[in-house]
Amino acid sequence: MLTVEGLRSRYGRIEVLHGLDLKVSQGEIVTVVGANGAGKTTLLKCLSGTQPASDGTIVFRGQSLTAVPSHKRLKLGLAQSPEGRQIFTNLSVEENLRLGAFLFADDQVDRDMADAFAMFPILKEKRNLAAGGLSGGQQQMLAIARALMGRPHCLLLDEPSMGLAPLLVAQIFDVVKSLKARDVTVLLVEQNAFGALKIADRGYVMETGRITISGPAADLIADPRIREAYLGL
Ligand code: ATP
């Protein structure tokens, strides 16, 4: 589904990704964990095309993304739910969802909306309210639901659990896990390493712009280095 090789990226003269290799297969949930500033967000921005790569290749569903601008990547089926949610606070919940489906003008949009409401009943209750009035957890649900309205093959999720109360974190991770049944492949970037690895098939550990450890998620959870550095165990 997604193959990244030798990816480098820089802000001005400062290189923050130093040649990353990473793979996500169809139907997988893959988690990237790492400390603050490791470069996780930059990785996702390179994948969605909002940050240029200075070297390396990104291939999505057999197509090189090097020359594909950000908005066209969405058309190819690669969607991002960004860190900090970035929903439109003045628009209603429903309007936000419709914007997520801006590529489409068919009957499927209403079915996808019904699907989103089934997944997140609270969004249905609040469908006519301004999104800015939602709680943090509800805004996160809206951000994920909006990304799904774009019918992605692969969803890039940046810190979906950030700032949420533990109960909501569990709920968000449950939703991410359920995307598998919907045939949506997920690349999840998280500081909440334990919760994210628990729902993942495989994981990568990123340290200052490099992948240092990778493997099946269960192996990572059992790895003493990871338990100490990232899981606080
Ligand atoms: P966080 O969890 O805090 O978002 P992260 O692992 O996602 O961390 P990035 O946000 O990708 O890390 O940042 C990687 C490095 O790049 C950090 O040293 C950060 O200070 C730097 N950086 C990020 N964005 C910019 C920018 N717009 N301009 C300059 N440097 C940046």
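Strands E1 and E2 form a hairpin with 2 residues between them, and Gly12 in the turn has a positive phi of about 60°. Strands here are DSSP runs of at least two residues (E), helices are runs of at least four (H or I), and both are numbered from the N terminus. This is a predicted model, in which local features need pLDDT of at least 70, side-chain atom pairs count only at pLDDT 80 or more, and totals for chains, interfaces and linings use all residues. Residues are numbered from 1 along each chain as its sequence is written, and side-chain values use heavy atoms, with hydrogens and water left out.

**The sheet**

Let's stay with the hairpin for a moment. E1 (residues 2–11) and E2 (residues 14–24) run antiparallel and are joined by 8 bridges; two strands pair if DSSP finds at least two bridges between them. Within this ladder, Arg10 has Glu15 of E2 as its bridge partner. E1 also pairs with strand E4 (residues 55–60), again in the antiparallel sense, over 5 bridges. There, Glu5 finds its bridge partner in Thr57 of E4.

Together, 4 strands form an open sheet in the order E2-E1-E4-E5, with antiparallel pairing. Because E2 and strand E5 (63–64) stand at the edges with a single partner strand each, one side of each is left without a neighbour in the sheet.

**A second hairpin**

Further along the chain, strands E9 (residues 202–207) and E10 (residues 210–216) run antiparallel, joined by 6 bridges. Glu207 stands opposite Arg210 in E10. This hairpin has 2 residues between its strands, and Thr208 in the turn has a positive phi of about 35°.

**Around the ligand**

Now for the binding shell. There are 13 residues around the ligand, and Asn36, Gly37, Gly39, Thr41 and Thr42 come nearest; a residue is near if one of its heavy atoms lies within 4 Å of the molecule. Helix H1 (residues 40–48) gives the most to this shell, with 3 residues. The shell divides into 4 nonpolar, 6 polar and 3 charged residues, with Gly counted among the polar ones.

The table lists pairs between a ligand oxygen atom and the protein; a polar contact is a pair of N or O atoms within 3.5 Å.

| Residue | Protein atom | Distance to a ligand oxygen |
|---|---|---|
| Gly37 | polar backbone atom | 2.7 Å |
| Gln191 | side-chain N or O atom | 3.0 Å |
| Glu159 | side-chain N or O atom | 3.4 Å |

Taken alone the ligand exposes 630 Å², of which the protein buries 59%; the areas come from the Shrake-Rupley method with a 1.4 Å probe.

**A charge over a ring**

Arg151 lies over the face of Phe104, at 3.7 Å from the ring centre. The rule asks for NZ of Lys or CZ of Arg within 6 Å of the ring centre and within 35 degrees of the ring normal.

Terms used
A polar contact is a pair of N or O atoms within 3.5 Å; within protein, one must be able to donate a hydrogen and the other to accept it, and residues adjacent in sequence count only if both atoms are side-chain atoms.
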